[in-house]
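Let's take a walk through this structure together, moving from one helix to the next. Keep the sequence at hand as you read.

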Amino acid sequence: MKAAIVSMLVLVSLIQMIVTPGEAITCGQVDASLASCIPYLIAGGNPDAACCDGVKNLKSITPATADRRAACECVKAAAARYPNIKEDAASSLPQKCGVQMNIPISKTTNCAK
């Protein structure tokens with residue numbers, strides 16, 4: 001009986017390791033992280049502290065390649081909603097915030113790369 005219970009627990013643990021989905025990032029999370037950057041992205045200049053905090057947050061919630069690709073698609077979708085976004089402001093945002101990111105902020109990025 002004891003061996004059967006142990007075997008069952010081992011089996012359940014193995015199934016959980018195989019089936020447990022990863023923490024997927026949502027566009028809502030990406031939008032919330034970058035919402036305070038909209039004034040900078042439209043007007044240029046320098047991003048404020050809240051914007052840079054959002055950029056840092058975006059980096060922290062996208063540790064895996066799949067997360068970064070999903071975030072990239074969300075950024076592209078968000079950028080399409082704001083036709084006044086300056087492409088140069090968008091592409092320089094991480095650098096201006098002192099954050100090294102693997103998520104390009106652009107309307108035209110190929111997120112599959």
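What follows is a short tour of a salt bridge, a lysine and its neighbours, and a helix with its packing partners.

Please bear in mind that this is a predicted model. A good place to begin is with charged side chains: a search of the whole structure turns up one salt bridge. Its partners are R81 and D31, whose side chains meet at 3.2 Å, N to O. Because R81 belongs to helix α5 (residues 65-81) and D31 to helix α2 (residues 27-34), the pair ties together parts that are 50 residues apart in sequence. If you look at the D31 end, you will find a residue that is partly exposed, with a relative accessible area of 27%.

Stay with helix α5 for a moment, since K76 lies there too. Is K76 buried, exposed or in between? With a relative accessible area of 23%, K76 counts as partly exposed. Leaving aside residues up to four places away in sequence, K76 touches S106, K107, T109 and C111. For S106, one of these contacts, the C-alpha atom is separated from that of K76 by 6.3 Å, although the two residues are 30 apart along the chain.

Now turn to helix α6, which spans residues 87-96. Which of its residues are buried? They are A89, A90, S92, L93 and P94. Follow these buried residues outward from α6 and you will see that they pack against α3 (38-43) and α4 (49-60). Our last stop comes just after α6, where G98 adopts a positive phi of about 70°.

Key: Residues numbered from 1 in each chain as written. Predicted model: local features only at pLDDT ≥ 70, side-chain atom pairs only at ≥ 80, totals over all residues. Heavy atoms only, no water. Salt bridge = Lys/Arg side-chain N within 4 Å of Asp/Glu carboxyl O. Helix = DSSP H or I, 4+ residues; strand = E, 2+ residues; numbered from the N terminus. Buried < 20%, exposed > 50% of the residue type's maximum accessible area, 1.4 Å probe, protein only. Contact = heavy atoms within 4.5 Å.
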